[in-house]
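Student: I have a new structure to look at, and I would like to learn how to read it step by step. Could you walk me through it?

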Amino acid sequence: MGYWLFKSEPSVWGWSDQVAKGEVGEEWDGVRNYQARNFMREMKLGERGFFYHSQKEKAVVGIVEICKEAHPDSTTEDDRWECVDVKAVRPFASPVTLDDIKAEETLSEMVLLRNSRLSVQPVTEAEWLRICQMGETDPE
């Protein structure tokens, strides 16, 4: 199973917006970075990801699940761009901030810390488990 991190500006698309979509979920659209697009092409149904509020909050605030594999992004006519659909699984009991992640030595190799601009990125299983533990949230 793969693990991922999805970054969004809460003023554009926040955790509450994701939760409001329910079981149907929503396209993770508008991504215009080839590396992020390629990561979405690798995603499989049922895989999990962190929902990360960027900008001011800078924190993992919830867990999402891939509910539709890569398909054309409906926000563009350009067939180079694809996206996946994600649905909310659960909020974090305690958000895990970027500062928390930076302070945790075992997370020093996270893509989030090495390529902070990448909006969709992989997370290792060890990173997944540690961040869930830090956020007092069930990783399953």
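Student: Which residue of β6 stands opposite Phe6?

Tutor: In this predicted model, Phe6 stands opposite Val120 in β6. That pair belongs to the contact of β1 with β6, two strands that run antiparallel and are joined by four bridges.

Student: In which sense do β1 and β3 pair, and over how many bridges?

Tutor: They pair in the parallel sense, over six bridges. You can follow the register residue by residue: Tyr3 has Arg48 of β3 as its bridge partner, and Trp4 stands opposite Gly49 in β3.

Student: How many residues of β1 are buried?

Tutor: When you read a strand, look at its two sides in turn. Six of the six residues of β1 are buried. One side carries Tyr3, Leu5 and Lys7, while the other carries Trp4, Phe6 and Ser8. Both faces of β1 are therefore covered.

Student: Is β3 largely enclosed or not, and why?

Tutor: All six of its six residues are buried, so β3 is largely enclosed by the rest of the structure. Arg48, Phe50 and Tyr52 point one way from the strand, and Gly49, Phe51 and His53 point the other way.

Student: What does β3 form with β4?

Tutor: The two strands form a hairpin, with five residues between them. They pair in the antiparallel sense over six bridges, and one of the partnerships is that of His53 with Ala59 in β4. In the turn, look for Gln55, which has a positive phi of about 70°.

Student: Now for a helix. Which residues of α5 are buried?

Tutor: Start with the general idea: an α-helix has 3.6 residues a turn, so residues three or four places apart point the same way. Here α5 covers residues 125-134, and its buried residues are Glu127, Trp128, Ile131 and Cys132. Seen down the axis of α5, they fall within an arc of 130°, so they line one face of the helix.

Student: Which exposed residues does the face turned away from the buried side carry?

Tutor: That face of α5 carries Ala126 and Gln133.

Student: What do the buried residues of α5 pack against?

Tutor: They pack against β1, β3, β4, β5, α3 and β6. Just after the helix comes Glu136, whose phi is positive, near 55°.

Student: How many residues line the largest pocket, and which lie nearest its centre?

Tutor: The lining has 19 residues, and Lys7, Ser8, Glu9, Ser54 and Ser119 lie nearest the centre. The space in this pocket is about 460 Å³. Both β1 and β2 supply at least two residues each to the lining. By class, the lining has seven nonpolar, six polar and six charged residues.

Student: Where does Ser116 lie?

Tutor: Ser116 is in the loop between α4 and β6. Its relative accessibility is 46%, so Ser116 counts as partly exposed. To find what it touches, set aside its neighbours within four places in sequence: Ser116 is then in contact with Lys7 and Val111. You have met Lys7 already, as one of the buried residues of β1.

Student: How far apart are the C-alpha atoms of Ser116 and Val19?

Tutor: They are separated by 25 Å, and the two residues are 97 residues apart along the chain.

Key: Residues are numbered from 1 along each chain as its sequence is written. This is a predicted model: local features need pLDDT of at least 70, side-chain atom pairs count only at pLDDT 80 or more; totals for chains, interfaces and linings use all residues. Side-chain values use heavy atoms; hydrogens and water are left out. Buried means under 20% relative accessible area, exposed over 50%, partly exposed in between (1.4 Å probe, protein chains only). The arc is that of the directions from the helix axis to the C-beta atoms. Contact means heavy atoms within 4.5 Å. Two strands pair if DSSP finds at least two bridges between them. On a 1 Å grid over the protein atoms alone, a cavity is a set of points where a 1.4 Å probe fits but cannot get out, and a pocket is an open set with protein on both sides within 12 Å along at least five of seven lines; lining residues have an atom within 4 Å of a point. Grid points are joined across faces, edges and corners, and a volume is the space filled by probe spheres set on the points. Ala, Val, Leu, Ile, Met, Phe, Trp, Tyr, Cys and Pro count as nonpolar, Asp, Glu, Lys and Arg as charged, and the others, Gly among them, as polar.
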